[in-house]
Every structure is written in C-alpha cells, then in structure tokens.
Amino acid sequence: TEGGVRPPVTSYWAMATPGETYLVYVRGTTEPIELELGSRPRRFAIREFNPRTGQFRKVGEQEVSGKYKYRAPDTNDWVVLLEAGGASTSPARSGTP
C-alpha cells in the first residue's frame, strides 16, 4: 500500500494448547516448518486449511513424538491444524473445521 507498512513476504506463526491442539499459519515459503510437540507420543488428526477456498483437506492421522514438520504446498497462505486423539476429535463433514 502507498505509504503503508507492507507485511513480510515470508511469515509463519503457531498457537497451541500443548499436547492437545496446534495451529500453524504459513505464507511465503515451502521450506519445512518444525513444531515441537513434546516427547510423549500422541496420535494427531492433521488437516490443512486453504484460506483462498475456505476448504479443509484431511492430511491424515499420525503418531507424533518430538517434532512435526509441515511443508506448505506453495508460497500462498496456508493453515495446518493438529488435533490430539485422531479422528474422534475431528468433525466428519468435508469443508468444515
């Protein structure tokens, strides 16, 4: 914007309820982003949100202990959501959080 502050080209951040839910926002990179999830093994349902379409895509379920690496499919905005407990914590409807 003219005279305004431009956001950085590359940006990423995370929010968490440790051990339960992790939310990561990524823009401007396809390099892996590492999350430290703790040493206790936990099963997570993992979904990716595309803010351009408003749709969630199920990435899968994964047993994670230690670090989880997320790699965005391109340099656009992406959000990844990890929820402990696997499928039982995720709604079954397609395209909804």
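In this predicted model, Asn 50 touches Gln 55 and Trp 78 once residues up to four places away in sequence are set aside. Asn 50 belongs to strand β4, which covers residues 42–50. With a relative accessible area of 13%, Asn 50 falls below the 20% limit and is therefore buried. Its side chain also reaches the backbone nitrogen of Arg 52, at 2.8 Å.

Strand β4 holds a second polar residue of interest, Glu 48. Here the relative accessible area is 5%, so Glu 48 counts as buried too. What does the side chain of Glu 48 make a polar contact with? The partner is the side chain of Tyr 70, at 2.6 Å. Beyond its neighbours within four places in sequence, Glu 48 is in contact with a long list of residues: Gln 55, Phe 56, Arg 57, Val 59, Tyr 70, Pro 73, Trp 78, Val 79 and Val 80.

It helps to step back to the overall fold at this point. The protein contains 7 strands and 0 helices, and from the N terminus on its elements read β-β-β-β-β-β-β. Of the 97 residues, 35% are buried. Among contacts between residues at least 6 apart in sequence, 61% join residues at least 24 apart.

Five of these strands form an open sheet with antiparallel pairing, in the order β1-β2-β7-β4-β5. The edges are taken by β1 (11–17) and β5 (55–64); each has a single partner strand, so one side of each lacks a neighbour in the sheet. On average, and with direction ignored, neighbouring strands of this sheet are turned by 15° against each other. At one end of the order, β1 pairs with β2 (residues 21–27) in the antiparallel sense over 7 bridges. Within this pairing, Ala 14 has Val 24 of β2 as its bridge partner.

A further antiparallel pairing joins β3 (residues 33–36) to β6 (residues 67–70), over 4 bridges. In this pairing, Glu 36 stands opposite Lys 67 of β6. In a regular strand the side chains alternate between the two faces of the sheet. Which side chains of β3 point to the buried face? They are Ile 33 and Leu 35, whereas Glu 34 and Glu 36 point to the other face and are not buried.

Leu 35 leads on to the nonpolar interior. The largest nonpolar core has 16 residues, and those with the most contacts inside it are Leu 35, Leu 37, Phe 44, Tyr 68, Tyr 70 and Leu 82. Two or more residues come from each of β2, β3, β4, β6 and β7 (78–84), with β7 giving the largest share, 4 residues. Not counting residues up to four places away in sequence, Leu 35 touches Ala 14, Tyr 22, Val 24, Gly 66, Lys 67, Tyr 68 and Leu 82. Two of these contacts, Ala 14 and Val 24, are also the bridge partners described above for β1 and β2. Tyr 70, for its part, is the residue whose side chain makes the polar contact with Glu 48.

Aromatic rings were examined next. A search of the whole structure finds 3 aromatic pairs. In one of them, the rings of Trp 13 and Tyr 25 have centres 5.6 Å apart and planes at 25°, so this pair is stacked. The pair links distant parts of the chain, with Trp 13 in strand β1 and Tyr 25 in strand β2, 12 residues apart. How do the two rings' residues fare, buried or partly exposed? Trp 13 is partly exposed, with a relative accessible area of 41%, while Tyr 25 is buried at 14%. Another pair, Phe 49 and Phe 56, is tilted, with 5.0 Å from centre to centre and 45° between the planes. Phe 56 is buried, with a relative accessible area of 18%, and is also among the contacts of Glu 48.

Tyr 25 appears again around Asp 77, a residue of the loop between β6 and β7. Setting aside neighbours within four places in sequence, Asp 77 is in contact with Tyr 25, Val 26, Arg 27, Pro 51 and Arg 52. The relative accessible area of Asp 77 is 24%, so this residue is partly exposed. The C-alpha atoms of Asp 77 and Gly 28 are separated by 7.4 Å, although the two residues lie 49 residues apart along the chain. Arg 52, one of the contacts of Asp 77, is also the residue whose backbone nitrogen is reached by the side chain of Asn 50.

Notes:
Residues numbered from 1 in each chain as written. Predicted model: local features only at pLDDT ≥ 70, side-chain atom pairs only at ≥ 80, totals over all residues. Heavy atoms only, no water. Pairing = 2+ DSSP bridges. Axes fitted to C-alpha atoms, helices over the stretch in contact; angles between N-to-C directions. Buried < 20%, exposed > 50% of the residue type's maximum accessible area, 1.4 Å probe, protein only. Polar contact = N/O pair within 3.5 Å; in protein donor to acceptor, adjacent residues only side chain to side chain. Contact = heavy atoms within 4.5 Å. Core = buried A, V, L, I, M, F, W, Y, C linked by side-chain atoms within 4.5 Å. Phe/Tyr/Trp six-rings, centres within 6.5 Å; stacked < 30°, edge-to-face > 60°.
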